[in-house]
Amino acid sequence: MQAQLEAYNALNIALFASCHSADIKIKNSQEGAPDIIGQKSLVKAYQFLKTAPKSFKVILENRIVNGPVVVDYERLTGLGEGRDDMFAVAVYEVRNGKIVSIWFPPTK
């Protein structure tokens, strides 16, 4: 999990993707956000990291681990001038050292 966070904060899409299984499933419950299935789709969806401000990063505020399930409470910061930090909950399932599924619960 830490490697995934560090790769994300380094804005390194290839390294970030390598932390996930080939058949990763991401369920995003935010309105209008598509689900992502497969590592190739993940790479495509996270292309925004290439143009993210250098100050952009995720700060881990809290983590709960229960067997293969990891729940992170994250703060996204450095989103650009005039933009406030955002907070998110991410629920990960990790198997054999790879993230196999992620769920982003609704915020509203």
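## Surface patch, salt bridges and nonpolar core

Val-89 belongs to strand β5, which covers residues 86-95; helices (H or I, at least four residues) and strands (E, at least two) are DSSP runs numbered from the N terminus. The model is a predicted one, in which local features need pLDDT of at least 70, side-chain atom pairs count only at pLDDT 80 or more, and totals for chains, interfaces and linings use all residues. Residues are numbered from 1 along each chain as its sequence is written, and side-chain values use heavy atoms, with hydrogens and water left out.

Val-89 counts as partly exposed because its relative accessibility is 32%. Here buried means under 20% relative accessible area, exposed means over 50%, and partly exposed lies in between (1.4 Å probe, protein chains only). Together with Tyr-73 and Phe-87, Val-89 makes a nonpolar surface patch of about 260 Å². Patches consist of residues with over 30% relative accessible area and no salt bridge, with like charges joined within 9 Å and nonpolar side chains (Val, Leu, Ile, Met, Phe, Trp, Tyr) within 5 Å. Accessible areas come from the Shrake-Rupley method with a 1.4 Å probe, and for residues only the protein chains shown count as cover.

The structure holds five salt bridges, each defined as a side-chain nitrogen of Lys or Arg within 4 Å of a carboxyl oxygen of Asp or Glu. Three pairs are set out below.

| Salt bridge | Closest N to O |
|---|---|
| Lys-27 and Asp-35 | 3.7 Å |
| Arg-63 and Asp-72 | 2.7 Å |
| Arg-95 and Glu-93 | 2.8 Å |

Salt bridges also link Glu-61, Arg-75 and Asp-85 in a network.

Lys-27 is partly exposed, with a relative accessible area of 43%, and its partner Asp-35 is partly exposed at 43% relative accessibility. In the pair of Arg-95 and Glu-93, Arg-95 is partly exposed at 41% and Glu-93 is partly exposed at 26%.

Asp-72 lies in strand β4 and is buried, with a relative accessible area of 2%. Its salt-bridge partner Arg-63, by contrast, is partly exposed at 26% relative accessibility. The side chains of Asp-72 and Arg-63 are also joined by a polar contact of 2.7 Å. A polar contact is a pair of N or O atoms within 3.5 Å; within protein, one must be able to donate a hydrogen and the other to accept it, and residues adjacent in sequence count only if both atoms are side-chain atoms. Leaving aside neighbours within four places in sequence, Asp-72 is in contact (heavy atoms within 4.5 Å) with Met-1, Leu-60, Asn-62, Arg-63, Ala-88, Val-89, Ala-90 and Tyr-92. Val-89 of the surface patch is thus listed among the contacts of Asp-72.

The largest nonpolar core has 25 residues, of which Tyr-8, Ile-26, Leu-42, Tyr-46, Leu-49, Phe-56 and Ile-102 touch the most other members. The elements giving two or more residues to this core are α1 (2-9), α2 (13-18), β1 (20-28), β4 (69-77), β5 and β6 (98-104). Such a core is a set of buried Ala, Val, Leu, Ile, Met, Phe, Trp, Tyr and Cys residues joined through side-chain atoms within 4.5 Å. Beyond its neighbours within four places in sequence, Ile-26 is in contact with Asp-35, Ile-36, Leu-42, Tyr-46, Ile-102 and Phe-104.

Leu-15 is found in helix α2 and is partly exposed, with a relative accessible area of 44%. Its C-alpha atom is separated by 7.7 Å from that of Gln-4, eleven residues apart along the chain.
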